[in-house]
Protein chains: 2
Amino acid sequence: MDLKAYLASKRQQVEQSLHTLLPQADGELQLHLDSLAYSLKAGGKRLRPILCLAAAEALGTSFPQRLMPVACALECVHTYSLIHDDLPAMDNDELRRGKPTNHMVYGEAGAILAGDGLLTFAFELLSQPDTGDLLPDRARLEIIHCLAQAIGSLGMVGGQALDMAAEEKSISFAELQTIHRRKTGALITASVQIGAIIGQANQSQMAALTAYGNAIGLAFQIVDDLLDVEGTSAQLGKTSGADAKHQKATYPAFFGVEQTRAKAQEAVQEAIDALTVLGPSADRLRELAHYISSRSH
Amino acid sequence: MDLKAYLASKRQQVEQSLHTLLPQADGELQLHLDSLAYSLKAGGKRLRPILCLAAAEALGTSFPQRLMPVACALECVHTYSLIHDDLPAMDNDELRRGKPTNHMVYGEAGAILAGDGLLTFAFELLSQPDTGDLLPDRARLEIIHCLAQAIGSLGMVGGQALDMAAEEKSISFAELQTIHRRKTGALITASVQIGAIIGQANQSQMAALTAYGNAIGLAFQIVDDLLDVEGTSAQLGKTSGADAKHQKATYPAFFGVEQTRAKAQEAVQEAIDALTVLGPSADRLRELAHYISSRSH
């Protein structure tokens, strides 16, 4: 299967599962549950769940359908982070993936609670007991711990806090790297690592996949910075030039567009080099690394 | 040990553990980590961790110090919920436990992230691998699942969403009960249930402790409503009469003060009746039920 077909097929699987898994309730909670579904359904590449699937597959495991809740949890976390980042008190964005942001539709309180609900739901999915025989309890706990560390105060949440603090002040390139690593990189790396746990990676495989995750996380953020400079709102589905508006430090601001492109390529190469130990079974991950650096939205 | 000494001693244990467990980092994340510590240290009765400890003890388990992270996770969740509930977009409260609310000190974005960080940290604490031999992995997963369900979109977060939607509109008593059960009751019940899992409760013990948790959760909320009507800001440590200001439905609004007091007593009696199967080892839980209904802040 070529990459395009692979991405489309996995994306459909993830979206189907998300749809099935989302909490259902009687009338009174409908509006709140709609607010979760609104952002979850708003599209996106489903990159994090797909990285998780692909990492498990690179270790020779055919990712079992019954573990889809684990992959879906990653998308719930990603979606929660977007909802909270878009809030008026944060980046104050009105468009996301071409649609009004959550708080534009459900109000500020509604959006805060949608995010809180999705974050909590991720951990509910990860601790679901019914798939216990596919994944040892110990591995499931490792997954929960890996994710919680990646997205907490020393990871994604901390990265967003640093990003907010960095607005309208001058930061060094080292500080920019720290923000990127925590804010975007940590969840991407964790997605790969969680796939590795599912695929029962040994120590050297885990090290290789972690290095891969770190490198594609970096590539992803560099391309994001580039797209913000170069893209139109229509391509991005969000307000372009938002970083400049917020006077945020970016790769292009430090290095210019050409050198930034080269750095994205370097990161992709680093990701691919990290996979040597895994041999040809990791080809899909290699393709994904190229895909991440070539995306245009 | 009498109840007062018991509460003081357990509270100190919990606060000591929270202090030790909180994430540490180098300079750049200090402000964010301070924002978590600010609200965690702002006092409170530490009721949820203490209920967890007491429930485990009622089953003959001396609560092991090495499981304190589990009890502390409950306080992290409670504190996150207070920080987000106090936000300008939610209840817009400026005082909490006699101190400025988190967003008054760290700003709105800071407070949203402090809450996100604490919620995530709770799951990090619960999935910590190092205490695995005290608590089977399966029990640890049950605890995580129990908590996530209780505080998610069909539990605490959903309750807050309903509470927001109910402001300034007329709701029935049945709707008020649903809001209370989800918003306040679910986490209190889960705290008791998690203690029960630690104490290796059998089915009838779990049923008894769940019924107890539900009843004290109700008593707690009824007393909260009463205090809001009767208390002064100084006693409450938060703005009194806030419910009336938001035109929130409360027990006293439905039944008047006297009948509301009687209902609190009924709930306490229900809690105590539920414990019959546990015999005298549950005396501390019985005392706690009385304590909850008699508190003045």
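This report looks at how chains A and B meet in a predicted model, and then at the nonpolar core.

**Where the chains meet**

Let's start with the contact surface. On the chain A side, 46 residues are in contact with 46 residues of chain B. Four helices of chain A each supply at least two residues of the side that touches chain B, and they are listed here with their residue ranges.

| Helix of chain A | Residues |
|---|---|
| H2 | 30-40 |
| H5 | 102-126 |
| H6 | 137-151 |
| H7 | 156-166 |

Which helix gives the most to this side of chain A? That is H5(A), with eleven residues. Sorted by class, the side of chain A that touches chain B holds 26 nonpolar, 13 polar and seven charged residues.

**How the copies are related**

Chain A can be superposed on chain B by a rotation of 180° with 0.0 Å of shift along its axis, and the RMSD is 0.0 Å. The two copies are therefore related as by a two-fold rotation axis. If you would like a residue to look for around that axis, try A:Asp137: among the residues of chain A, its C-alpha comes closest to the rotation axis, at 2.9 Å. Both copies use the same surface, as 100% of the contact residues of chain A recur in chain B.

**The nonpolar core**

Now for the core. The largest nonpolar core has 188 residues, and A:Leu147, A:Ala219 and B:Ala219 touch the most other members. Leaving aside residues up to four places away in sequence, B:Ala219 touches B:Ala264, B:Ala267, B:Val268, B:Ala271, B:Ala289, B:Ile292 and B:Ser293.

Definitions and conventions:
Residues are numbered from 1 along each chain as its sequence is written. Chains are lettered from A and ligands numbered from 1 in the order in which they are written. This is a predicted model: local features need pLDDT of at least 70, side-chain atom pairs count only at pLDDT 80 or more; totals for chains, interfaces and linings use all residues. Two residues are in contact if their C-beta atoms, placed from the backbone, lie within 7 Å. Ala, Val, Leu, Ile, Met, Phe, Trp, Tyr, Cys and Pro count as nonpolar, Asp, Glu, Lys and Arg as charged, and the others, Gly among them, as polar. Copies are superposed by least squares on the C-alpha atoms of residues with pLDDT of at least 70 in both. A nonpolar core is a set of buried Ala, Val, Leu, Ile, Met, Phe, Trp, Tyr and Cys residues joined through C-beta atoms within 7 Å. A residue is buried if 20 or more other C-beta atoms lie within 10 Å of its own, exposed if 12 or fewer, and partly exposed in between; C-beta atoms are placed from the backbone.
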